Amino acid sequence: MRYVTAGESHGPCLTAIVSDVPAGIKISEANLNADMARRQAGYGRGDRMIIEKDTARITGGVRFGRTLGSPVSFVVENRDWRNWTDRMAVFDAPPADLQREVTPRPGHADLVGVMKTNSDDCRDILERASARETAARVAASGIPREFLAELGVEITSYVISIGPAAMRNADLAKAASYSPLSIESSPVRCPDEEAAEAMMRAIDRAKSQGESLGGVFRVVVTGLVPGLGGYEQANSRLTSRLGGALFSIPAMKGVEFGLGFEAARRPGSEVHDPIVLEGGAFARTSNNAGGLEGGMTTGAPLVITVAMKPIPTLMTPLGTVNLDTLEPVEASKERSDTCAVPAAAVVAESEVAFVLADAYQEKFGGDAMADIKASLAAYRERLRTI
Ligand code: EPS
């Protein structure tokens with residue numbers, strides 16, 4: 001399964017198309033929009049989220065709640081568009097009073113984008129580089145998420161730290177133990193209530209100082225069969241495919257699998273997961289690998305930890321250079337979020353869903369749910385009878 005998106009942050013809408021979709025996946029409008037709402041929420045979001053009420057409208061590829069096997073298309077309206085019709089007009093000439101964006105924000109795509117495209121207005125760049133685009137990704141991920149759910153795969157995520165405020169015990173061994181309720185009922189999507197309070201205080205402090213905050217979150221996937229992905233080629237390894245997908249999300253600066261960087265500090269005997277037989281099946285006494293060995297799933301939960309940098313738009317701006325006058329000035333202050341780490345975790349789930357759906361299709365067939373399920377059942381049976 002693959003997706004492509006189009007649309008600007010303050011344009012009429014975002015569009016997504018998912019191709020290589022098997023026929024017969026049940027699609028729930030409620031689930032789709034629940035994920036859209038999860039991406040919009042999170043303590044630390046700015047006023048834009050009061051304007052938007054994101055819902056994904058499917059405009060092709062689904063009939064009577066099931067995929068047809070054709071590409072699936074989505075539209076997500078930008079409610080804010082009505083405030084931008086002149087500044088973001090498709091064909092009309094620019095309004096006489098148009099203020100070009102000429103004070104690029106350090107850390108955003110603004111400066112390098114105008115250099116690269118020969119534009120004289122950072123808005124040509126920032127409208128698309130904006131993380132608003134991730135609303136379209138989450139919409140698109142409705143297809144791989146439902147596909148995986150039908151195959152018994154569950155994807156969750158939670159926030160481990162925001163700025164200096166962190167969960168006291170974010171041990172790998174507990175990674176898959178948090179209930180969706182304990183995560184989703186937290187305003188920062190953190191299952192540790194005390195840490196969540198500290199994170200919200202850190203966000204309040206940052207906001208009052210005109211600052212922004214990044215953080216660390218974890219994506220956990222359960223119900224995977226062993227053997228997804230491959231060791232044969234660079235691009236068959238799930239480790240590289242997942243890493244690439246996660247780094248495609250704006251502002252992601254680090255991805256760790258299982259123990260991650262900690263594995264580099266320990267001796268081998270304290271890193272690798274001993275193999276045992278449990279009820280006739282292979283199992284592990286730990287999951288330091290985070291569910292991947294040799295670029296393939298082991299069948300243990302996939303545990304990925306991701307670091308996000310602080311949002312570059314600062315209400316107490318850093319220095320920059322005015323592109324017209326070449327004078328040193330303060331960077332522009334776009335309305336923005338103080339912290340979007342809880343939302344970014346939902347986007348990361350979406351990226352992971354695409355990679356894993358692709359890996360299932362590769363191994364079990366690509367075009368009809370019935371055949372994929374039969375092939376998966378035969379594989380499970382073969383592994384059971386080792
Ligand atoms: C963003 C700036 C803000 C965020 C936006 C990402 O938008 P605006 O400038 O319109 O207030 O709210 O995020 C979203 C709109 C979204 O849906 O996530 C940026 O500069 O990246």
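User: What makes a residue count as near the ligand, and which residues come nearest?

Analyst: A residue is near a molecule if its C-beta atom, placed from the backbone, lies within 6 Å of it. Of the 13 residues around the ligand in this structure, the nearest are Arg48, Ser130, Ala131, Arg132 and Arg335. The model is predicted, so local features need pLDDT of at least 70 and side-chain atom pairs count only at pLDDT 80 or more, while totals for chains, interfaces and linings use all residues. Residues are numbered from 1 along each chain as its sequence is written.

User: Why is Arg39 called buried or exposed?

Analyst: A residue is buried if 20 or more other C-beta atoms lie within 10 Å of its own, exposed if 12 or fewer, and partly exposed in between, with C-beta atoms placed from the backbone. Arg39 has 25 such neighbours inside 10 Å and therefore counts as buried.

User: Why does Arg45 fall into its exposure class?

Analyst: Arg45 has 19 other C-beta atoms within 10 Å, and therefore Arg45 is partly exposed.

User: How do you know what Arg45 touches?

Analyst: Two residues are in contact if their C-beta atoms, placed from the backbone, lie within 7 Å. Leaving out residues up to four places away in sequence, Arg45 touches Asp337, Ala340 and Ala343, whereas the contacts of Arg39 include Thr134, Ala135 and Val138.

User: What links Arg39 and Arg45 in the UniProt record?

Analyst: The annotation "binding site", from an unreviewed UniProt entry, covers Arg39 and Arg45; UniProt positions are given in the numbering used here, feature names are shortened, and annotations may be inferred rather than shown by experiment.
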